[in-house]
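Let's take a friendly walk through some side chains and see who meets whom. Keep the picture open while you read.

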Amino acid sequence: MEDMKKAKIQPNIITYSTMLKGHCQTGDIQAAFKLVKEMRDEAKLVPDEIMYNSLLDGCAQSSLVDDGLRVLREMEDAQVKPSNFTLSVLVKLMSRARKVDAAFELVKELSEKYHLSPNSHVYANLVQACCFSKQLQRGLKTLEEMMERKVQPDKRTYSMLLRLAVQQCQFEKADGLLRGALGVSGDGLLRGALGVSGALPFLNTPWAVCQGVEETALSETLSSMASSPEGNKAAAGFLVDVRKENPKIWIDPAVQRGVLQGTGAPSASWNTERRPSKGKGKGKGQRA
C-alpha cells in the first residue's frame with residue numbers, strides 16, 4: 001500500500017478487498033478494521049458485500065461475537081443486503097461462541113427481512129452448531145426442515161449427524177440417516193424381525209439422497225454400531241437391505257464381517273469382494 005502511495009497510484013475497492021481478506025485470513029482482525037477506516041477516510045470508498053463478509057469471517061475465526069454483530073449492523077445501515085454466504089458466516093460466528101439459539105434466530109430474522117432462502121451451506125453450519133453443542137434432536141429437526149424446503153444435504157451434514165448419533169447410542173437414528181443418505185429403504189420385514197424401526201420418515205424422499213457420502217464415514221458408522229447388540233441389529237438390517245437394493249454400494253468386507261459375527265447370518269449373504277484398486281494397474285475386482 002505504501003509503494004502505491006509513493007507512486008501516486010490510488011488503490012481501488014478490489015485492492016482494498018484483497019488486502020482486507022488477507023488480514024482476516026491471517027487472524028489480524030484489528031488490521032482489517034484499520035484498513036477499512038483508512039479506505040473510508042482517504043479513498044472515500046465504502047465496503048461492499050464481499051468486504052463485509054470477509055470482516056464477519058475474520059470475527060468468526062477469532063470468536064469476536066460483539067465485533068461481528070457490529071459489522072452486521074454497519075452492513076445493514078449501509079444498505080448492503082446480506083446473502084446466504086453472510087448467513088453461513090454468521091452461523092459460524094455464533095456456533096464458535098456456543099450461541100446456538102442466536103445462530104438460528106439470526107438466520108430466521110435475516111431470511112425473513114431480506115427474502116433469503118437458506119441453502120445447503122447455511123443449513124450445514126446450523127447442523128454443525130447443533131452437533132458441537134450435542135443437540136442431536138435439534139440437528140435432525142434442521143435436517144427435516146431441509147427436506148421440507150427441498151434443500152439437499154451435503155456429505156458434511158450427514159457425517160456430523162452420524163457421528164453424534166453413534167456417540168449418543170442413538171442407533172435407530174443412525175440407521176435412518178444412513179438409509180436416507182444412500183436411498184436404502186428396505187421392506188421392513190427383516191428390520192422388524194431384528195427389532196429395528198428403520199429409516200427416519202422424513203428422509204423417505206429423493207432430496208435426502210447424498211451420493212457423496214464418504215465410504216470411510218459409512219464404514220466407521222457401521223463399525224461403531226456393531227459394538228453394541230442394539231446397534232449391531234440396526235447395522236445388520238441395513239447391510240441386508242443394501243445388498244438387496246443397491247449392491248453397488250461398497251462396504252469394507254472387514255466391517256461386514258464384524259456385523260456378521262454378531263448376528264449369526266451366513267457369510268454367503270454378504271458382499272466380501274475386494275474393492276477395485278484406484279491405481280494405474282488393471283485390477284480385476286469389481287465394486288459390489
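## Charged partners

Let's start with Lys-141: it is exposed, with a relative accessible area of 52%. Keep in mind that this is a predicted model. The cut-off for "exposed" is over 50%, so Lys-141 with its 52% makes the grade. Its partner is Glu-144, and the two side chains meet in a salt bridge, 3.8 Å from N to O. What about the exposure of Glu-144? At 23% relative accessibility, Glu-144 counts as partly exposed, because that label covers values between 20% and 50%. Both residues belong to helix α9 (residues 136-148), where they are 3 residues apart, about one turn of the helix.

You can find another pair like this in helix α7 (residues 100-114): Lys-108 and Glu-112 are 4 residues apart there, again about one turn of the helix. Their side chains form a salt bridge of 3.0 Å, N to O. Are Lys-108 and Glu-112 buried or exposed? Both of them are exposed.

Now look for Asp-241 and Arg-179, whose side chains meet in a salt bridge as well, at 2.9 Å from N to O. This pair links distant parts of the chain: Asp-241 sits in helix α14 (residues 229-245) and Arg-179 in helix α11 (residues 171-182), 62 residues apart. Asp-241 is buried, and Arg-179 is buried too.

Here are the three pairs side by side:

| Pair | Salt bridge (N to O) |
|---|---|
| Lys-108 and Glu-112 | 3.0 Å |
| Lys-141 and Glu-144 | 3.8 Å |
| Asp-241 and Arg-179 | 2.9 Å |

How many salt bridges does the structure hold? The count is 11. Some residues team up further: Asp-67, Arg-70 and Glu-74 are linked in a network of salt bridges.

## Charges and rings

Arg-70, a member of that network, also has something going on with a ring. Its charged end sits over the ring of Phe-33, 4.8 Å from the centre of that ring. Arg-138 does a similar thing with Phe-104: the charged end of Arg-138 sits over the ring, 4.3 Å from its centre. And how many aromatic pairs turn up in a search of the whole structure? The answer is 0.

## Two lysines with a positive phi

Now for the backbone. Most residues other than glycine have a negative phi. With that in mind, check out Lys-44: its phi is positive, near 55 degrees, and it is not a glycine. You'll find Lys-44 in the loop between α3 (29-42) and α4 (49-61). At 66% relative accessibility, Lys-44 counts as exposed.

Lys-134 also has a positive phi, about 60 degrees, although it is no glycine either. Its place is the loop between α8 (120-132) and α9.

## A buried asparagine

Last stop: Asn-84, which lies in helix α6 (residues 84-96). Why does Asn-84 count as buried? Its relative accessible area is 18%, and buried means under 20%. A polar atom of the Asn-84 side chain lies 3.1 Å from the backbone oxygen of Ser-117. Which residues does Asn-84 touch, leaving aside its neighbours within four places in sequence? Asn-84 is in contact with Ser-117, Pro-118, Asn-119 and Val-122. So Ser-117 turns up twice for Asn-84, once through its backbone oxygen and once in the list of contacts.

Notes: Residues are numbered from 1 along each chain as its sequence is written. This is a predicted model: local features need pLDDT of at least 70, side-chain atom pairs count only at pLDDT 80 or more; totals for chains, interfaces and linings use all residues. Side-chain values use heavy atoms; hydrogens and water are left out. A salt bridge is a side-chain nitrogen of Lys or Arg within 4 Å of a carboxyl oxygen of Asp or Glu. Buried means under 20% relative accessible area, exposed over 50%, partly exposed in between (1.4 Å probe, protein chains only). A polar contact is a pair of N or O atoms within 3.5 Å; within protein, one must be able to donate a hydrogen and the other to accept it, and residues adjacent in sequence count only if both atoms are side-chain atoms. Contact means heavy atoms within 4.5 Å. Rings of Phe, Tyr and Trp (its six-membered ring) pair if their centres lie within 6.5 Å; planes under 30 degrees apart count as stacked, over 60 as edge-to-face and the rest as tilted. A charge sits over a ring if NZ of Lys or CZ of Arg is within 6 Å of the ring centre and within 35 degrees of the ring normal.
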